[in-house]
Number of protein chains: 2
Amino acid sequence: MKRPTLEVVAARAGVSKSSVSRVINGETTVAPQIRDVVMQAVHELGYVPNGAARNLVTRRTDTLAVVVSDPPQGVVSDDPLFSAVVRAVSRELETAGKRLVLMLAESDQSRTRVEQYIAGAHVDGVLLVALHGTDPLPAALSRQGLPVVSFNRTSSQDVPYVALDNAGGAALAVRHLLERGRRRIATITGPLELHEARERLDGYRHTLRDTGRRSIVALGDFTRGSGAEAMRQLLEDDPDLDAVFAANDLMAIGALRTLHQAGRRVPEDVAVVGFDDIEAASYTTPSLTSVRSPMADQATAAVHLLLSLIDGGPTDPVIMPNELVVRESS
Amino acid sequence: MKRPTLEVVAARAGVSKSSVSRVINGETTVAPQIRDVVMQAVHELGYVPNGAARNLVTRRTDTLAVVVSDPPQGVVSDDPLFSAVVRAVSRELETAGKRLVLMLAESDQSRTRVEQYIAGAHVDGVLLVALHGTDPLPAALSRQGLPVVSFNRTSSQDVPYVALDNAGGAALAVRHLLERGRRRIATITGPLELHEARERLDGYRHTLRDTGRRSIVALGDFTRGSGAEAMRQLLEDDPDLDAVFAANDLMAIGALRTLHQAGRRVPEDVAVVGFDDIEAASYTTPSLTSVRSPMADQATAAVHLLLSLIDGGPTDPVIMPNELVVRESS
DNA sequence: TCACTCTCGGGGAGCGATTTCTCGGGAACC
DNA sequence: GGTTCCCGAGAAATCGCTCCCCGAGAGTGA
């Protein structure tokens with residue numbers, strides 16, 4: 001079951017290794033008849049070039065790493081958006097003729113492993129999904145001199161990124177609620193050590209402040225349970241509120257449940273808006289109004305940015321706009 | 001930004017390349033003092049072995065491919081279970097010190113690319129997720145002589161697999177409904193060209209037949225919309241039914257919606273049971289009773305089977321049991 | 001003390017491709 | 001007809017590592 005090598009193909013075709021290599025790599029400086037005889041031999045033997053040998057000399061691997069840096073609880077990788085992102089990235093790389101190595105970095109130990117792997121010249125570039133503001137990985141990887149693109153803003157200045165307009169999305173949600181005539185609009189935040197959670201909170205705050213209204217804030221951690229709990233808190237602190245903006249859909253779903261149990265009608269008594277527009281948002285009763293994050297588009301943009309970076313192209317950050325999907329809950 | 005090579009390290013440590021190599025690979029036949037001086041040099045230079053060069057000579061890559069073979073609509077990869085599987089596999093490979101290359105095969109073209117890649121000796125083994133009964137990929141890959149494990153039963157005999165007990169799970173659901181005193185139990189199937197859909201239907205049929213009851217079947221395709229539509233059909237054909245077993249949760253959720261619109265109370269008038277126990281199953285109102293597929297366990301088992309196969313171990317298929325999670329809908 | 005075994009380090013031959021360099025031969029031009 | 005040029009093909013060097021083989025030196029027993 002041993003695979004044929006370039007040398008065997010050359011012998012069979014009666015030409016030199018060099019010529020076979022030229023044909024394989026589509027060089028134009030090769031006579032048609034030689035090309036044909038080589039192709040013939042390639043097909044007959046079922047020859048496929050050995051990747052390792054090729055990598056060794058070309059110093060390219062046509063492989064990109066997607067690194068998801070995440071605490072073990074899995075804020076990101078448990079997220080329903082994870083598969084959407086992975087899928088979009090995978091498709092995009094496929095059309096670019098590249099391969100995808102997926103690495104989850106959930107502990108310091110695995111972070112070290114990631115660094116080692118990257119240093120081992122196994123990949124041409126890295127697409128980094130690291131939401132934690134204090135994550136050391138972005139800086140560590142970019143120090144390796146390999147192209148790195150982050151899936152969101154990082155604390156490390158020199159890592160190009162593709163980010164959502166989190167503040168803008170929150171503003172969208174809040175303005176929508178204001179237009180619906182809501183006066184007391186509360187928010188449930190994500191864990192504030194995550195960039196996106198902070199930005200969404202900022203967007204909420206600024207929009208309310210611009211219209212002279214007060215912020216009503218409860219802390220959550222992006223899980224459903226925390227959303228339910230935060231909603232209880234809010235109802236207790238401020239029974240008159242008539243709208244809630246949750247920083248993600250899971251927490252919004254938790255809040256819906258609490259409101260239901262508390263006998264508040266949605267949207268008549270309290271309007272609810274979430275963020276992300278995950279699939280489950282359309283399954284709830286009432287279905288959930290949400291800020292749609294264009295995850296697939298963001299993933300595509302990130303891949304393009306990375307590929308351009310590898311080719312020595314520009315590295316300008318990209319900000320993705322988002323839109324509001326209005327459903328029954330508001 | 002050029003990385004140091006083994007030769008540079010050897011020069012620095014004042015020993016031969018061979019010795020450095022031995023130290024790097026943890027061989028025991030090396031004197032402690034040489035070991036120390038080498039380690040010192042390695043750290044000072046920040047040396048990391050070049051992966052391609054190593055692969056070339058060892059003929060191992062410590063990399064496994066996860067291939068998801070799926071039509072473009074993405075029955076699998078759109079599935080909420082996708083990320084659970086990917087995550088579990090990734091974690092398991094991490095602890096085994098292996099890397100994961102993810103490939104989606106959504107068209108004949110990309111299937112060819114997958115075959116080419118596998119043939120290029122880039123990976124040590126393949127974990128295949130291909131639900132379609134007629135998928136040519138399992139046979140094609142196993143023909144390459146590389147270890148392949150399938151994530152479910154395939155039409156190709158010689159591919160070891162780890163499968164769910166789909167029929168058993170369906171039986172579990174039906175028996176549960178019978179115990180609840182339901183008499184007219186219908187089912188909504190998945191697309192019958194998928195193994196798992198057929199097996200779940202079989203489990204439903206046999207269990208009912210054993211108790212002398214009649215099957216009431218409507219066809220779906222694993223999507224929410226098809227579940228809603230099938231439920232409408234069922235209500236029309238058999239207004240007296242008092243229970244429905246849907247072959248997956250998405251369809252069950254669709255069915256819930258139809259029942260709600262038709263004014264049937266769940267579970268008082270009609271009980272509903274789904275399959276998979278996806279996260280959304282606990283968000284619906286009423287929350288959904290479902291057969292829990294131990295996806296993470298299955299993924300772990302599949303990785304173990306593959307690793308054992310690579311080491312020349314046994315290749316016996318593994319069947320995962322599943323359990324019923326009873327919630328409000330039944 | 002000598003012969004023999006045993007350990008451990010070094011030299012060097014590959015692994016399978018790409019790529020540079022060289023060279024033969026035919027076309028083109030004077 | 002002779003010289004120059006260019007084009008295409010082959011020979012050989014190279015990428016960075018592993019691992020086989022050999023030899024030097026230490027250790028042991030008689």
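This report describes a predicted model, covering the protein surfaces near DNA strands C and D and one helix of chain B.

## Surface near DNA strand C

DNA strand C is surrounded by 28 residues, and the closest are Leu6(A), Ser21(A), Ser19(B), Arg22(B) and Arg59(B). By class, this surface comprises 12 nonpolar, 10 polar and six charged residues. Both protein chains take part: helix H2 (17-24) and helix H4 (51-58) of chain A, and helix H2 (17-24) and helix H4 (51-58) of chain B, each supply at least two residues. The largest share, five residues, comes from H4(A).

Of the atoms of DNA strand C within 4 Å of the protein, 64% are in sugar or phosphate, and the rest are in bases. Bases are approached by serine side chains: a polar side-chain atom of Ser18(B) is 2.9 Å from a base oxygen of DNA strand C, and a polar side-chain atom of Ser18(A) is 3.4 Å from a base oxygen of this strand. At the backbone of the DNA, an N or O atom in the side chain of Ser19(B) lies 2.6 Å from a phosphate oxygen of DNA strand C.

## Surface near DNA strand D

Around DNA strand D there are 28 residues, of which Ser18(A), Arg22(A), Arg59(A), Leu6(B) and Tyr47(B) are the closest. The surface near this strand divides into 12 nonpolar, 10 polar and six charged residues. Sugar or phosphate accounts for 63% of the atoms of DNA strand D within 4 Å of the protein, and bases account for the rest.

A polar side-chain atom of Arg22(A) is placed 2.7 Å from a base oxygen of DNA strand D. Polar backbone atoms of chain B meet phosphate oxygens of DNA strand D, at 2.4 Å for Leu6(B) and at 3.1 Å for Asn50(B). Two or more residues of the surface near DNA strand D come from each of H2 and H4 of chain A and H2 and H4 of chain B. H4(B) gives the most, with five residues.

## Helix H9 of chain B

Helix H9 of chain B runs over residues 195-210. Its 16 residues, at 1.5 Å a residue, should span 22 Å, and therefore the 22 Å between its end C-alpha atoms agrees with expectation. After H9(B) comes Gly212(B), which has a positive phi near 75 degrees.

Buried residues of H9(B) include His195(B), Glu196(B), Glu199(B), Arg200(B), Tyr204(B) and Leu208(B). Among the elements that cover the buried residues of H9(B) are helix H8 (166-179), strand E5 (162-164), strand E6 (185-189) and strand E9 (271-276) of chain B.

Definitions and conventions:
Residues numbered from 1 in each chain as written. Chains lettered and ligands numbered in written order. Predicted model: local features only at pLDDT ≥ 70, side-chain atom pairs only at ≥ 80, totals over all residues. Heavy atoms only, no water. Helix = DSSP H or I, 4+ residues; strand = E, 2+ residues; numbered from the N terminus. Expected span 1.5 Å × (residues − 1). Buried < 20%, exposed > 50% of the residue type's maximum accessible area, 1.4 Å probe, protein only. Contact = heavy atoms within 4.5 Å. Near = heavy atom within 4 Å. Polar contact = N/O pair within 3.5 Å; in protein donor to acceptor, adjacent residues only side chain to side chain. Nonpolar A, V, L, I, M, F, W, Y, C, P; charged D, E, K, R; others polar.
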